[in-house]
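Work through the following exercises with the sequence and the coordinates at hand. Each task is followed by a worked solution.

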Amino acid sequence: MKRVLYSKFLMGDQLKDIGAIFLAAIMLCFWSIYNGYPLFFSSDTAMYLEAAFAKHVGPDRPILYGLFMYYISGQYSLWFVVIVQSLILSYSFYCWFRYFLPGENYLLFFLLYSAFVSIFMGASFNVSWLMPDVFTPLSVLSIGLIIFAPRLPRHVWVFLIGLSILGIAMHNSHLFVCLGLTLLLLAGYAFKSVREIYNLVGIKFSRIAIVIGLIITSAFFAASISYQYGGGFKSSRGGTVFLMGSLVEMGVVDIYLGENCSQKDYRICEYRDTIPNNFLWASNSPIYQTGGWAGSEAEYSAIVNDILTTPKYLKLVVWKSILRTISQFMHFDTGEATKATPRIDQGFRRFYPNEYDNYYKARQNQGELNFKLVNHTQVVIFLSCILLYALIYYKNGMSLKFRFLILFLLIALLINAWVCGTFSGVYFRYQARLLWLIPMPVFLFLATKIRIRSTEQPKQT
Amino acid sequence: MNKNRLIIILGAILLCYMGWTNKYPLLTSASGTFINSGFTREVPWFGNLWYGLVITHASWASSLWLVIFFQAGLMAVLIYLFFKYFIKLPEYPLWALGFITFITGFTTASVTVSTIEPHIFSGLSVLSGGILLFAKEICRRDFILVSVIFVFSCSMDPSNMLSMVFLSTLFMIFGLISVRRKGTELLQKSVLVLAFTIISILMVSFIHHGVGGKFSPVNSYHTAILPGLMTTEQFQASLMQNPEGMEDKLDSLLDSKSLEMVQENDFVRAHGIYSAQNAIREMVALETDDAIMFSDSTVTLRAVFDYYNHEVRDVFISRQIFKIMQVKTWGGVQVWVSLAGLLLGVFVLKRHKNSSGYGFVIYLMAGWPVLAFCNSVFYGQAGLQSHLAWLWVFPMFIFFRESKAVQQHLSRISAILSINVISKTT
């Protein structure tokens, strides 16, 4: 009787779902609401906005996220950007809990998971941040769902295809992370035992092929956007210079220049005793003395090629790459929201003058944000998940599908750590953006257990 | 690869957490002196050469990362063996991993493991000593492994040697007293531990002699205790008698003053009383000390530049150098964890007298003041007990092993994770 009343007079299922998605989206906006304004990052947010407003691609990053902010904000309010980001993420979570497992009790765990990663981890920070980082987990979530979900309705397919193409094109690293992950899955087909696991888990070759198609489409999409805005037909920006910066940090460039400057006439040799660690952004960096990002690319490309094809240097690069991958894997403090730089300040004044006061008075700009507690809880959650997953693998616990999902997410984290740590550098934000996916299998699994109990109870009575 | 070995490797990787998050092993002002001593084969004035040699060889003279992996590896192996002999459940490797995860998240163990200083070996010598004393039916391979680690760890620092002499003697006396009731097992094992301690003292003395120094486990006794001595009022007053000389030759002045004091008749009594007073304060000083945070010492930076040149940039991009390596939260949590460990240890002693970890809890409780005292003798009030606080998590886990309520919860979790009827059929 109660059920009939509930379904007739309170909420229909669809309305309940929509309500839950909005509720989760509000929770995911926690940090921007607390801050009083969306969060920004160093000068990077301003650089995206500058490129979008100037309608011209910069040498160091794709323009797409700038355009995303430009159009979603309607050049009026950056709050719209955060709202859209939170809705996309909330809906992605919803899709996972709705379609990864068939059942009726998915809403509770969808909301619990959204609350958990918003309060105790960095999900809300990434959503509230005016940076493309939130699209990294979104890309992983979308390709993951395409691969894992047994059946998907047409509207979800449309959403996932759109999200995959958009998300992967947002940042240089997304392409490599998603491609690496998918190619690894594809490589599994070479082994009979892995093929058997794929069959048991329900992974189909056609789905992997779709994902690869989406990644290629996304690369073309990014290249077309770049071409449209004067950056040439390139899917990623400044890759060689980023790698050069990373090799400088590794100390390999010092050794290489020390041994080769006498024979090779590189312009960077003039500055080899004064190369700063912050090679990419320091004003005294040789990049800015030898023709900027675009002007230095050819020379750096030759150096990088030489280093990577000489075993002596390659050995050191591989060693440092391993160290940096593990370091990046465990380097995930959230909350890189410091006070505004002059460039950010100027950006808000120029592009969003109506919101300048709100931005200026926000807690971030007053230095009132504190992330110590979240960061410690993140460490504890991370370690607990590692322990739990070790236990599951040791005892062959959960089901094969869950074990495979855990492996999928851990490999995504590892590839992300490798791509970022090796090709760019070890920075908190690279891993913090994905870390909050790590407890997801636990929530999905608990949802199954609740479902088992609720379906078993009538049998017992 | 064997699953248990994988657990040890994973545990070692987790134990280096602070190194990973710092982007480089943690360095202190003393790290440089140890690195230099290893390469130059000169005995440092405040300690011995052993740790310097370990740095040189464990790093293969190429990367300081290898030193902390080595430290973490030894610790993970010892923890694994502890759970093998004291928990005695088929899932003991998972208990070991649980323990490692716990101490990484809630104590400063990871800071200690990731630092280029010999502090971690104080904990390892206590742990390996405890395994040697109280583990039952230890197999030959494990016995040899633990013994080697014990001698190795004990040799790292003069305070470790002194602590283990005191502790083994204490349990030898206890073994003698209880020989009628409990047989000669404890007596034999404590004699063995004392013998291993003496072996470590002799080994270090031989090494010092071999590199042209004195046949002694320290450079000289009065300089070995100088760091501890310098914090005493008596020493400071003595220095102030001729302050004009301080500016010129501070090192030699400190040296001569410490020698003068050591030669005084009542020195042993005075320094002993002072160290005992200090030890009481040290026993509860479990928050992290400033030395852990960072000291951008030129000696250390120079040593990295000279011997690990390709890692200089790594040092300059580490969080330590930007002074953003925050470990205070861990230090704060550690105090409560240690207190909980102590309370649960008392509970084990009272309620679970047949527990396989019973003797180890007594050993830890007796060892704590001894370690604090020995550290005070050599280093004064330096907050070194914070490096050992992770040991208090053992009584917690021993309690978990004995508690029926905890066991029930664990088996329930285990059942949930292992048996999933619906999922297994899909």
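**Exercise 1. Describe the interface of chain B and chain A in this predicted model: how much area is buried, and which residues of chain B supply most?**

Step 1. Chain B and chain A bury about 4,000 Å² between them. Carbon and sulfur atoms account for 66% of this area.

Step 2. Trp20(B), Arg313(B) and Leu417(B) contribute 20% of the area that chain B buries against chain A, more than any other three residues.

Step 3. Counted by contacts, 41 residues of chain B touch 47 residues of chain A.

**Exercise 2. Find the salt bridges across the interface, and then turn to the whole structure.**

Step 1. The rule finds 4 salt bridges across the interface of chain B and chain A.

Step 2. One salt bridge between the chains joins Asp254(A) to Arg313(B), with the closest N and O atoms 2.5 Å apart. Arg313(B) is also one of the three residues named for their share of the area that chain B buries against chain A.

Step 3. Over all chains, the search of the whole structure gives 18 salt bridges.

Step 4. Within chain A, Glu50(A) forms a salt bridge with Arg343(A), and their closest N and O atoms are 2.8 Å apart. This pair links distant parts of the chain: Glu50(A) lies in helix α4 (residues 44-54) and Arg343(A) in helix α18 (residues 342-351), 293 residues apart.

**Exercise 3. Classify the packing of α15(A) against α16(A), and list the residues that meet.**

Step 1. Helix α15 (residues 252-260) and helix α16 (residues 292-309) of chain A pack at an angle of about 95°, and their axes are 11 Å apart.

Step 2. Angles of 65 to 115 degrees count as roughly perpendicular. The two helices, α15(A) and α16(A), are therefore roughly perpendicular to each other.

Step 3. From α15(A), Val252(A), Val253(A) and Tyr256(A) meet Ile303(A), Asp306(A) and Ile307(A) of α16(A). By class, this contact has 5 nonpolar, no polar and 1 charged residues.

**Exercise 4. Where is the predictor's confidence high or low?**

Step 1. Chain A has a mean pLDDT of 90, and 94% of its residues reach 70 or more. For chain B the mean is 87, and 88% of the residues reach 70 or more.

Step 2. Among the elements of chain A, helix α8 (residues 123-128) has the highest mean pLDDT, 97, and helix α1 (residues 2-10) the lowest, 51.

Step 3. In chain B, pLDDT stays under 50 over residues 419-426. For this stretch the model has 15 contacts beyond four places in sequence.

Terms used. Residues numbered from 1 in each chain as written. Chains lettered and ligands numbered in written order. Predicted model: local features only at pLDDT ≥ 70, side-chain atom pairs only at ≥ 80, totals over all residues. Heavy atoms only, no water. Axes fitted to C-alpha atoms, helices over the stretch in contact; angles between N-to-C directions. Helix = DSSP H or I, 4+ residues; strand = E, 2+ residues; numbered from the N terminus. Parallel < 35°, antiparallel > 145°, perpendicular 65-115°, else oblique. Contact = heavy atoms within 4.5 Å. Nonpolar A, V, L, I, M, F, W, Y, C, P; charged D, E, K, R; others polar. pLDDT = per-residue confidence, 0-100. Buried area = accessible area lost by both parts, 1.4 Å probe. Salt bridge = Lys/Arg side-chain N within 4 Å of Asp/Glu carboxyl O.
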